[in-house]
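Subject: Structure handover

Hello,

Here is the structure for your files. My notes on what was found in it follow below.

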Amino acid sequence: MTLLNVGAALGVLCLVSAAVCGLMKVTPIVLRSDSMAPAVSTSDLVLVKKVSAGDVSKGDIVSVNDRQGRRVTHRVVAVEPYGSSIRLTLKADANPAPDAETYDVTEVRRVVVALPWLGWLFAPADGLLALVVGGVFIGCLVIVAFVPRRRLRGTRRAES
């Protein structure tokens, strides 16, 4: 019964968190490197909001995808119009020079707030292992909640 209560409490916490993120139109991201330290480090959870690239200015911390599709979260050091898009030059705070690659974008995810240390809580929830463990956990909760219990002969419950 305690496991069911813990599962229910975690479920309510997840639903409330998802609702708040949905209402504020922000997405949580867990950073995987210390390249932005000390402003944002690996243990931080950042909330990002999708904005037009034209609304970005020098000094903002943004998250974009590089040419290989990997997410890069760095500080904007230059903003230039480039045809129908914007060309951003980014730099990690811990690096001495800007990124070699520039990013031609029409929209970015701008960091709204960094929540120190909360990344450690959410980092394990990323990847295939988390999906498998979560699926097994949910399956067990469904079985406990909805599968009728057999009455065993010889028990007090069966005799009444």
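**Arginine over a ring**

The charged end of Arg87 lies over the ring of Tyr82, 3.7 Å from the ring centre. A charge counts as sitting over a ring when NZ of Lys or CZ of Arg is within 6 Å of the ring centre and within 35 degrees of the ring normal. Aromatic pairs come to 0; the rule there takes rings of Phe, Tyr and Trp (its six-membered ring) with centres within 6.5 Å, planes under 30 degrees apart being stacked, over 60 edge-to-face and the rest tilted.

**How to read the values**

This is a predicted model, in which local features need pLDDT of at least 70 and side-chain atom pairs count only at pLDDT 80 or more, while totals for chains, interfaces and linings use all residues. Residues are numbered from 1 along each chain as its sequence is written, and side-chain values use heavy atoms, with hydrogens and water left out.

**The sheet**

An open sheet is formed by 7 strands in the order β1-β2-β7-β3-β4-β5-β6, with antiparallel pairing. Its edge strands, each pairing on one side only, are β1 (27-30) and β6 (103-105). Neighbouring strands are turned by 50° against each other on average, direction ignored; axes are lines fitted to C-alpha atoms, for helices over the stretch in contact, and angles run from 0 to 180 degrees between N-to-C directions. Helices (H or I, at least four residues) and strands (E, at least two) are DSSP runs, numbered from the N terminus. Two strands pair if DSSP finds at least two bridges between them.

Starting at one edge, β1 is joined to β2 by 4 bridges and the two run antiparallel; Ile29 has Val46 in β2 as its bridge partner. On β2 (residues 45-52), 8 antiparallel bridges lead to β7 (residues 107-115). Leu45 faces Leu115 in β7, and Lys49 is opposite Arg110 in β7.

A salt bridge also connects these two strands: Lys50 in β2 and Glu107 in β7 are 57 residues apart in the chain, and their closest N and O atoms are 3.7 Å apart. The total is 6 salt bridges, each defined as a side-chain nitrogen of Lys or Arg within 4 Å of a carboxyl oxygen of Asp or Glu.

**Two hairpins**

Strands β3 (residues 61-65) and β4 (residues 71-82) pair antiparallel over 5 bridges, with Val62 opposite His74 in β4. Their hairpin has 5 residues between the strands, and Gly69 in the turn has a positive phi of about 90°. Next, β4 is joined to β5 (residues 85-91) by 7 bridges, again antiparallel; here Val76 stands opposite Leu90 in β5. This hairpin has 2 residues between the strands, and Gly83 has a positive phi near 65°.

**Backbone exceptions**

Most residues other than glycine have a negative phi, and most peptide bonds are trans. Lys25, not a glycine, has a positive phi of about 55° and is placed in the loop between α1 (2-24) and β1. The peptide bond joining Ala37 and Pro38 is cis, with omega about 5°; Pro38 belongs to the loop between β1 and β2.

**Surface patch**

Leu3, Phe137, Ile138, Val142 and Phe146 make up a nonpolar surface patch with about 520 Å² of accessible area together. Helix α3 (residues 128-146) gives the largest share, 4 residues, including Phe137. Patches take residues with over 30% relative accessible area and no salt bridge, joining like charges within 9 Å and nonpolar side chains (Val, Leu, Ile, Met, Phe, Trp, Tyr) within 5 Å. Areas come from the Shrake-Rupley method with a 1.4 Å probe; for residues, only the protein chains shown count as cover.

Regards
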